Protein chains: 2
Amino acid sequence: MHPSLEKLISSVQSAVTLEDFQTATEGLRDHYKVAHIVYHWVNSNGERFGAGTYSQEWVDRYVEKDYLRVDPVILGCFQRFHPVDWKQLDWSTKTSKAFFKEAVRYGVGNQGLTIPIRGPQGQFALFTASNTCSDDVWTSFRKRNERDLILVAHEFNKRALEYELGVESDTVAGLSPRELSAMTYIAKGMSRAQAAAQMDISEHTLRVYIEAARHKLGALNTTHAVARALSRGLIVI
Amino acid sequence: MHPSLEKLISSVQSAVTLEDFQTATEGLRDHYKVAHIVYHWVNSNGERFGAGTYSQEWVDRYVEKDYLRVDPVILGCFQRFHPVDWKQLDWSTKTSKAFFKEAVRYGVGNQGLTIPIRGPQGQFALFTASNTCSDDVWTSFRKRNERDLILVAHEFNKRALEYELGVESDTVAGLSPRELSAMTYIAKGMSRAQAAAQMDISEHTLRVYIEAARHKLGALNTTHAVARALSRGLIVI
DNA sequence: TCCACACTCCCCCAAAATAGCGAGGTGGCC
DNA sequence: GGCCACCTCGCTATTTTGGGGGAGTGTGGA
């Protein structure tokens with residue numbers, strides 16, 4: 001990895017504010033000599049954050065027109081797993097063609113590579129490099145830099161997660177072994193009677209476990225408790 | 001990146017069968033001179049696949065004892081986002097201590113680095129490198145190789161996703177927007193009446209959504225449906 | 001154009017979960 | 001020895017879900 005890129009990664013690793021993320025994207029843009037670098041991120045509460053080199057006009061326009069629901073990059077990456085070249089996306093519909101044209105008019109590149117990453121609680125981030133150039137030039141750019149970009153995207157996410165954790169704080173309640181078993185059977189779709197039979201205890205006892213878990217998790221009902229236990233990674237189905 | 005590692009990555013990229021994945025893990029083990037390389041993967045239907053260099057005895061033991069629910073690596077990575085050194089995990093409980101001891105006895109290393117990756121439909125994969133060595137040796141190994149391992153993990157996932165798409169023909173159930181909203185409210189602990197009020201529809205209509213979601217997800221009851229929707233990343237609470 | 005599918009509403013009744021009141025035994029920790 | 005967390009079991013009454021029927025609208029794709 002290039003020394004100046006290492007330096008940029010360090011700046012991401014030590015980023016504290018959104019401005020720091022912003023500065024990092026500008027540094028990366030200059031390093032790679034591309035039109036834009038953008039990092040876009042949805043935390044577990046569904047709040048969106050963004051840092052990047054797009055013009056303010058484009059960002060405003062994007063928000064105003066609710067292009068999140070149109071942008072094939074967003075729609076495409078939401079169903080994908082791995083780095084996506086914009087060319088692979090579906091630009092065939094009328095709305096997406098119009099969107100692309102307008103994006104280019106606002107200075108967004110005609111080429112792009114977007115790397116989606118997901119977190120355990122529904123966090124979803126997109127790291128994008130975009131440029132205006134021919135297909136051949138872009139392909140060779142990707143060949144040279146795709147791996148580094150994946151690593152950079154990881155660094156952004158790592159820091160973004162810490163940023164999120166800094167904002168939130170919640171106590172994780174521990175469930176007892178029997179409570180965990182009971183919750184697991186319930187999460188698998190068993191009725192209380194079935195789960196009790198599985199655990200070889202009375203249905204009443206099972207109920208006590210479920211209620212204990214519900215209270216510990218601050219849940220309103222069994223379904224809520226299961227949802228919370230799954231979200232917190234306490235149980236696996 | 002080392003030429004011989006490039007070769008191993010190519011072999012991952014062209015993997016077709018589980019045996020190919022297996023062979024790739026063995027190659028990586030030899031390349032890095034570590035005790036084990038393991039790739040473990042849960043697809044969007046909750047089916048588990050694995051390829052790695054652990055002994056068959058350990059794998060059997062692991063399955064038999066249902067260690068998925070004990071293993072701090074699994075439990076820890078489920079709540080995390082980024083490469084996890086096994087030392088960072090919680091080994092303080094009695095069961096996890098016993099598990100660790102047994103794992104070491106079966107030849108699993110005392111050190112490990114696990115890289116979790118998630119897909120859009122709740123796919124969840126773990127790529128692990130493990131070795132028996134001192135903390136210092138392991139730290140320097142991580143420093144040298146962590147980035148490469150992240151890229152290797154990405155390659156495994158990319159191929160695993162293609163493998164999944166090739167093997168499965170059963171449609172991944174997509175829930176309609178209203179079904180997703182309904183499921184989300186239910187997952188947040190609301191009763192049908194409350195959720196219906198939130199969505200400003202009759203309780204009966206809400207019930208239709210919940211039942212449709214239940215059928216699409218192949219769930220036995222509402223709680224099960226919520227659990228599946230969460231596991232597959234369809235909803236977030 | 002028509003079909004499929006999402007969306008909306010209504011009935012009834014059996015089954016299951018929830019809420020409230022209990023009881024007692026074990027084992028670890030201060 | 002006392003406290004606390006965990007594990008186990010019982011009862012009754014009320015609320016919520018689940019399964020079985022229906023029926024009508026609107027919208028987007030073949």
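## Exercises: DNA strand C and a helix pair

In this predicted model, α9 (203-216) of chain A, along with α7 (177-187) and α9 (203-216) of chain B, each supply at least two residues of the surface near DNA strand C.

**Exercise 1.** Work out which helix gives the most to the surface near DNA strand C, and what kinds of residues make up that surface.

*Solution.* Start with the helix: α9(B) gives the most, with six residues. Next, sort the residues of the surface by type: four are nonpolar, seven polar and six charged. Finally, pick out the ones that come nearest: of the 17 residues around the strand, these are A:Arg192, A:Arg214, B:Ser176, B:His204 and B:Tyr209.

**Exercise 2.** Find out which part of DNA strand C the protein meets, and look at some phosphate contacts.

*Solution.* Take the atoms of DNA strand C within 4 Å of the protein: 61% belong to sugar or phosphate, and the rest to bases. Now zoom in on the phosphate oxygens. One is 2.3 Å from a side-chain N or O atom of A:Arg214. On chain B, a polar side-chain atom of B:Arg178 lies 2.8 Å from a phosphate oxygen. B:Ser202 uses its backbone instead, with an N or O atom 2.6 Å from a phosphate oxygen.

**Exercise 3.** Describe how α3(B) and α5(B) pack.

*Solution.* Grab the numbers: helix α3 (residues 56-64) and helix α5 (residues 94-105) of chain B pack at about 155°, with axes 10 Å apart. Angles over 145 degrees count as roughly antiparallel, so that's what α3(B) and α5(B) are. The contact is made by B:Trp58, B:Arg61 and B:Tyr62 of α3(B) and B:Phe99, B:Glu102 and B:Ala103 of α5(B). By type, that's four nonpolar, no polar and two charged.

How values were computed
Residues numbered from 1 in each chain as written. Chains lettered and ligands numbered in written order. Predicted model: local features only at pLDDT ≥ 70, side-chain atom pairs only at ≥ 80, totals over all residues. Heavy atoms only, no water. Near = heavy atom within 4 Å. Polar contact = N/O pair within 3.5 Å; in protein donor to acceptor, adjacent residues only side chain to side chain. Helix = DSSP H or I, 4+ residues; strand = E, 2+ residues; numbered from the N terminus. Nonpolar A, V, L, I, M, F, W, Y, C, P; charged D, E, K, R; others polar. Axes fitted to C-alpha atoms, helices over the stretch in contact; angles between N-to-C directions. Parallel < 35°, antiparallel > 145°, perpendicular 65-115°, else oblique. Contact = heavy atoms within 4.5 Å.
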